[in-house]
Amino acid sequence: MSYLEVHEAGAVRLVPLTEATLAIGRSPTNTLTIDSKRVSRLHAVLERFAPGWSIRDLGSTNGTTVNGAPLRQARHLRDGDRIEIGGVRLLFHAPEDSQTQTVAADPVPPPPPLTRRERDVLAELCAPHTVGGAPFPEPPSVRELAARLGLSSSGVKKHLTNLYDKFGLHTNDERRRHHLATEAVRRGVTGGG
């Protein structure tokens with residue numbers, strides 16, 4: 001089983017990775033709470049996918065590093081990786097990694113060219129927020145996006161349709177907005193101007 005070794009205030013604690021996501025931050029509603037003013041309320045998240053675990057920073061004030069390098073987009077974790085969040089050191093352990101063979105993965109494609117308004121839609125779609133203690137609810141609805149962006153619902157639908165095409169999401173899956181948000185984060189789209 002994978003786990004984190006948390007080095008904080010001279011003590012070490014082990015946090016097993018038993019759920020599909022592990023939210024890290026200062027807020028007590030996170031799975032892993034780090035009580036430090038240098039840590040954002042919702043700072044970073046570890047997510048489990050079939051091939052392994054990844055980490056991404058959620059727009060924190062002081063950032064996250066992995067093996068000393070600033071985390072700019074989601075990154076696959078390997079056994080022994082050192083994560084630093086607000087001066088607290090975490091060691092990622094995945095014993096099963098040592099028994100698997102490393103296979104080169106295809107590089108993450110760059111984001112497609114986007115208009116300013118498409119970036120605004122993605123920024124709202126991908127904005128980290130919490131609802132009822134759940135760190136990652138479904139992305140906002142078309143109606144919510146329209147209200148936040150000052151657009152009509154049909155205008156938001158038009159932008160979403162263009163974004164689905166640009167990101168190669170050719171499906172009518174009811175979770176398309178979720179897939180779009182995931183793909184945008186994977187490709188390093190941060191939203192804004």
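In this predicted model, helix H4 spans residues 176–186 and buries Leu180, Ala181, Glu183 and Ala184. Viewed down the axis of H4, the buried residues fall within an arc of 165 degrees, so they line one face of the helix. The partners of that face are easily named: the buried residues of H4 pack against H1 and H3. After H4 comes Gly188, with a positive phi near 80 degrees.

The two helices that receive H4 also meet one another. Helix H1 covers residues 116–126 and helix H3 residues 153–166; their axes come within 10 Å and cross at roughly 90 degrees. H1 is therefore roughly perpendicular to H3. On the H1 side, the contact involves Arg117, Glu118, Val121 and Leu122, while H3 contributes His159, Leu160, Asn162, Leu163 and Lys166. By character, the residues of this contact comprise four nonpolar, two polar and three charged. H1 and H3 thus touch each other through the residues just listed, and both also pack against the buried residues of H4.

Turning to the strands, an open sheet is built from five of them, in the order S4-S3-S5-S6-S9, with mixed pairing. At its edges lie strand S4 (32–33) and strand S9 (75–76), each of which pairs on one side only. In general, strands of a sheet pair through backbone hydrogen bonds, in either the parallel or the antiparallel sense.

Both senses can be followed at strand S3, which takes in residues 21–25 and pairs with strand S5 (residues 44–49) in the antiparallel sense over four bridges. With S4, strand S3 pairs in the parallel sense over two bridges. Ile24 is a handy landmark for a reader tracing these pairings: Ile24 stands opposite Ala44 in S5 and opposite Leu32 in S4. S3 is also mostly covered, with four of its five residues buried.

A wider view of the protein puts these elements in context. The protein holds four helices and eleven strands, and 38% of its 193 residues count as buried. As for contacts between residues at least 6 apart in sequence, 44% join residues at least 24 apart. Two settings for buried residues have been described here: the face of H4, with Leu180, Ala181, Glu183 and Ala184, and strand S3, where four of five residues are buried.

Definitions and conventions:
Residues are numbered from 1 along each chain as its sequence is written. This is a predicted model: local features need pLDDT of at least 70, side-chain atom pairs count only at pLDDT 80 or more; totals for chains, interfaces and linings use all residues. Side-chain values use heavy atoms; hydrogens and water are left out. Two strands pair if DSSP finds at least two bridges between them. Axes are lines fitted to C-alpha atoms, for helices over the stretch in contact, and angles run from 0 to 180 degrees between N-to-C directions. Angles under 35 degrees count as roughly parallel, over 145 as roughly antiparallel, 65 to 115 as roughly perpendicular and the rest as oblique. Contact means heavy atoms within 4.5 Å. Ala, Val, Leu, Ile, Met, Phe, Trp, Tyr, Cys and Pro count as nonpolar, Asp, Glu, Lys and Arg as charged, and the others, Gly among them, as polar. Buried means under 20% relative accessible area, exposed over 50%, partly exposed in between (1.4 Å probe, protein chains only). The arc is that of the directions from the helix axis to the C-beta atoms.
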